[in-house]
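Trainee: I should like to request a close look at a single part of this model, namely its nonpolar interior. Please set it in the context of the whole chain.

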Amino acid sequence: MKDISADSFKVTKSISLKEIPTSIDLEASEKKKEKELNKLREKLSEHQDIMYAHNKYSVLICLQGMDTAGKDSLIREVFKEFNPRGVVVHSFKTPSKLELQHDFLWRHVIALPQRGKYGVFNRTHYENVLVTRVHPEYILGENIPGINSVDDITFDFWEKRFEQINNFEKQISDNGTIIFKFFLHLGKEEQRQRLLRRLNKAKHNWKFSPGDLKERERWDDYQKCYEEAINKTSKEHAPWYIIPSDNKEAARVLVAQIIYNEMQKIKDIEEPKLENNIMENIEMYKKILSKEEN
């Protein structure tokens, strides 16, 4: 299988999505990719167990992408070997009435993972500079002072949101949250094929909504907004990775490999050692428990 380097997918300079391919050849069969993914998720699970015991870091996985990009299935396949106590998934949909009574980051802050755990955001705080930018009328529902009409939502408004997002991510990073942001880069034709499959397979009909077609009409607008959001918020402490996603199996392997490779660079995550006075009496504790057998 082709070697996977996180740096090949990390955004470290200004990018143009049109110039980045939506497919990749990992030089492996589907069976080999599945085998590789099995190995990676077992390694990730073992490492998360150690991180849980270590109890100093948490990991936040942010997944963004157009409809049908494969976010749900990626979560299921990459994290399926994790101990349930070790990973919590949050799918952020249209804000509720309660959530709209707070600032746009509030519902994401309260969903952040505890130390020792992974948190996966299926759609993220970036919806607030993506969907709302394509549909600025949604901002009016937030009831923000000074925003009384769409005309009040200026360039400076979005610049401030990017700044707030960057500050939020810097703050949680400084306090022990390791951040991975993955944009599942899907081709427009591949999305068309996936939407058709949803319609052609009865068991997948429930996934389809006519609204998917309306949003598809705004494809170019979304690509522009994604591109700007990625360029303005990919930082060393919270990098974006652009994952070619026309092939779901390849995308899963890439995400799993990048997470594992980058987590291996954090050298102070290790299982806690017992205190010396406990270690010195290990044999005595064994004898005490062994006597209980009689």
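**The nonpolar interior and its surroundings**

Mentor: Of the 294 residues in the chain, 46% are buried. The model is a predicted one, and its chain contains eleven helices and five strands. Along the principal axes, the C-alpha atoms occupy a box of roughly 75 × 50 × 40 Å. The accessible surface amounts to about 16,500 Å², and carbon and sulfur atoms account for 48% of that area. Among contacts with a separation of 6 or more, 80% join residues 24 or more positions apart.

In soluble globular proteins, nonpolar side chains tend to be buried together. In this chain, the largest nonpolar core has 40 residues. The residues with the most contacts inside this core are Ile 61, Phe 79, Tyr 118, Phe 182, Ile 243, Ile 259 and Met 263. Two or more core residues come from each of the helices α1 (30-54), α2 (71-78) and α9, and from each of the strands β1 (58-65), β3 (118-122), β4 (177-185) and β5 (240-244). Helix α9 supplies the largest share, ten residues. A second, separate core has 35 residues, including Leu 105, Ala 111, Leu 130 and Trp 219.

Phe 182 merits attention within the largest core. Leaving aside residues up to four places away in sequence, Phe 182 touches Ile 61, Cys 62, Leu 63 and Gln 64. Its other contacts under that condition are Trp 240, Tyr 241, Ile 243, Val 255, Ile 258 and Ile 259.

Helix α9 spans residues 248-263 and also contains Tyr 260. The relative accessible area of Tyr 260 is 18%, so this residue counts as buried, the cut-off being under 20%. With residues up to four places away in sequence again set aside, Tyr 260 touches Leu 40, Lys 43 and Leu 44. The C-alpha atoms of Tyr 260 and His 47 are 8.5 Å apart, although the two residues are separated by 213 residues in sequence.

Another tyrosine, Tyr 285, lies in helix α11, which covers residues 282-291. Its relative accessibility is 34%, and Tyr 285 is therefore classed as partly exposed. Together with Met 284 and Ile 288, Tyr 285 makes a nonpolar surface patch of about 270 Å². The two tyrosines thus fall into separate classes because Tyr 260 is buried at 18%, whereas Tyr 285 is partly exposed at 34%.

Methods
Residues are numbered from 1 along each chain as its sequence is written. This is a predicted model: local features need pLDDT of at least 70, side-chain atom pairs count only at pLDDT 80 or more; totals for chains, interfaces and linings use all residues. Side-chain values use heavy atoms; hydrogens and water are left out. Patches are made of residues with over 30% relative accessible area and no salt bridge: like charges are joined within 9 Å, nonpolar side chains (Val, Leu, Ile, Met, Phe, Trp, Tyr) within 5 Å. Accessible areas come from the Shrake-Rupley method with a 1.4 Å probe; for residues, only the protein chains shown count as cover. A salt bridge is a side-chain nitrogen of Lys or Arg within 4 Å of a carboxyl oxygen of Asp or Glu. Helices (H or I, at least four residues) and strands (E, at least two) are DSSP runs, numbered from the N terminus. Buried means under 20% relative accessible area, exposed over 50%, partly exposed in between (1.4 Å probe, protein chains only). Contact means heavy atoms within 4.5 Å. A nonpolar core is a set of buried Ala, Val, Leu, Ile, Met, Phe, Trp, Tyr and Cys residues joined through side-chain atoms within 4.5 Å.
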